[in-house]
Amino acid sequence: MQENGASSFQGDANDGQKPSKDKTMRKREDCCKHFEEQIVDEFLDQLKINKGNLTDPNIGPIPKSLSDAGTVTSIVLGVASVTTLGLSIGTFGIGSLVGAAVAGITFTVTKLDQRKKKANAKTLDEKMEIYVHSELKCIIRDVARELSRMFEYQVVELEDETQINLLAKCAVDLMLSKWKENENLGRNTLIKKVLQDGKLKKTELLTREGDKWFAPDVFRQPGLRKMIFEKDGAEFEYFVKKANKKAKNACDTSKYGYRGQFLELKNDETKKLKNEEDDMGKDETDAVKDCLYCNESFIESSHNENSQHENCTIYHQYFCESVIDSHYTERRVPCLTYNPIHILIRCPNVLESFNQLREEKPSLAKFLKKTFKKVLPEDHLVLPIYRPHLPKKITNLEKSDLTGSDFSHSDFTNSSLEGCTFTEVVMLFAELAGTRMSGSKFNDTLISHSNLVGVKARKCKWTKTKLLYSRVEGAYLDGAESSISGNTLIGTNIGEAHV
């Protein structure tokens, strides 16, 4: 690892000089984006879902088959009634069923014989097939972004794109290996398989320093880096698992460094899934912890059904530390450190403190950089990632520069985001119903499978923005048309909005 966030990127072959600090930061971002895209492409390829099929009404039948020890393993919809779901899509359109916790659609793996598989395929109409494919793609993109955040150091240290491609393929191979009957094909499960469950032969990887790494050890043997927020600032803390010579996946921080935290998504829907409850019953125990930023107690690794927090999200959705990370208990002080560009925000009060700034309000990225001033250089690139540890809605962030932020799964219902800058912002499965967003600028923004019912976004500027498979009934989306400024509205019935 490099000291003070310095990178091992070499200079351009033409001049033999080291790149500028800004160029180095952008190369890190590019490596992470490439890693994400490779995971998405490899996942869709292995499931035989062609990317073009997401908009082609003449796509083949779903579910698609996976090979599993000579049996046919298929991905099916885990809903109470396929007939009811199909009718809803056919009657009201795909957009009526999208958005986090709106449709309650989950995917499970079920073993079927060939006759049942064929019969199942006939029950799903074309619109439903398109939606199934898009939903799976959004899930895997969410997973890819989380893995990119967690393993940023490991990704940027690889020699070139070829090595990154090998690591991405390893991640997908782990995700799709050895599925159990009725196991949930969801965000949490897929990441768990990468971190500990899936089994593969080792693949050799080359680093920029000429070292040899091995996948999947890259995912299993780093230490753990946590981002700790306090009132007087923030810093990184480092941990490893308790020493055990017999452990196959013991930490080797001198080789693989440290990774970011794995946060599991918790909400009422995931609570009801039997496989999730079984997993929790085996390992997890409730632990009440205090947030060092707001001094508020919260339940870690447990579902807080009786939350009394003001402005609590109606879906009781939040992120908790995975039991996998709870095994990293021994603190370390690394001689060499790596400063990540993805900065994880867990306490909702951090955003509230940012919103309360009035005079010369900085961007959210600069605000976080100042919070981490003890460890981050002044010119360090910061990409904010919001994953709250409490089921709390985001009330207001008006007149904010949110460039580079990720607000996936966030709840902005009836809040104010007026006059904001959404440049390269990502919102997957976000709740934006009734949100006031007038006067905002959207540039290269990705909003997918989200709820924008009744959004008031008048006099906004939309450029190269993707608004995919989202609900927009009664929304005022001035200028958000696919034919203007390179915007894309696949799967979103813009006719249900005011444009």
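The following exercises, with worked solutions, concern strand β8 and its setting in a predicted model.

**Exercise 1.** Determine how many helices and strands the protein contains, and what share of its residues is buried.

*Solution.* Begin with the secondary structure: the protein has 13 helices and 24 strands. Turn next to burial, for which the cut-off is under 20% relative accessible area. Of the 499 residues, 57% count as buried. Finally, take the surface: the accessible area is about 21800 Å², and carbon and sulfur atoms contribute 47% of that area.

**Exercise 2.** Establish how many residues of strand β8 are buried.

*Solution.* Locate the strand at residues 233-241. Then apply the burial criterion to its 9 residues: 7 of them are buried, and β8 is thus described as mostly covered.

**Exercise 3.** Identify the strands with which β8 pairs, and state the sense of each pairing.

*Solution.* Consider β7 (residues 223-230): this strand pairs with β8 in the antiparallel sense over 7 bridges. Within this pairing, Lys226 is placed opposite Glu237 of β8. The connection between β7 and β8 comprises 2 residues, and the two strands form a hairpin. Consider next β14 (residues 328-332), whose pairing with β8 is also antiparallel and extends over 4 bridges. Here Tyr238 faces Arg332 of β14 as its opposite residue.

**Exercise 4.** Find what percentage of the contacts with a separation of 6 or more joins residues 24 or more positions apart.

*Solution.* First restrict the set to contacts in the protein with a separation of 6 or more. Then select the pairs lying 24 or more positions apart; these account for 59% of that set.

Notes. Residues are numbered from 1 along each chain as its sequence is written. This is a predicted model: local features need pLDDT of at least 70, side-chain atom pairs count only at pLDDT 80 or more; totals for chains, interfaces and linings use all residues. Side-chain values use heavy atoms; hydrogens and water are left out. Buried means under 20% relative accessible area, exposed over 50%, partly exposed in between (1.4 Å probe, protein chains only). Two strands pair if DSSP finds at least two bridges between them. Contact means heavy atoms within 4.5 Å. Accessible areas come from the Shrake-Rupley method with a 1.4 Å probe; for residues, only the protein chains shown count as cover.
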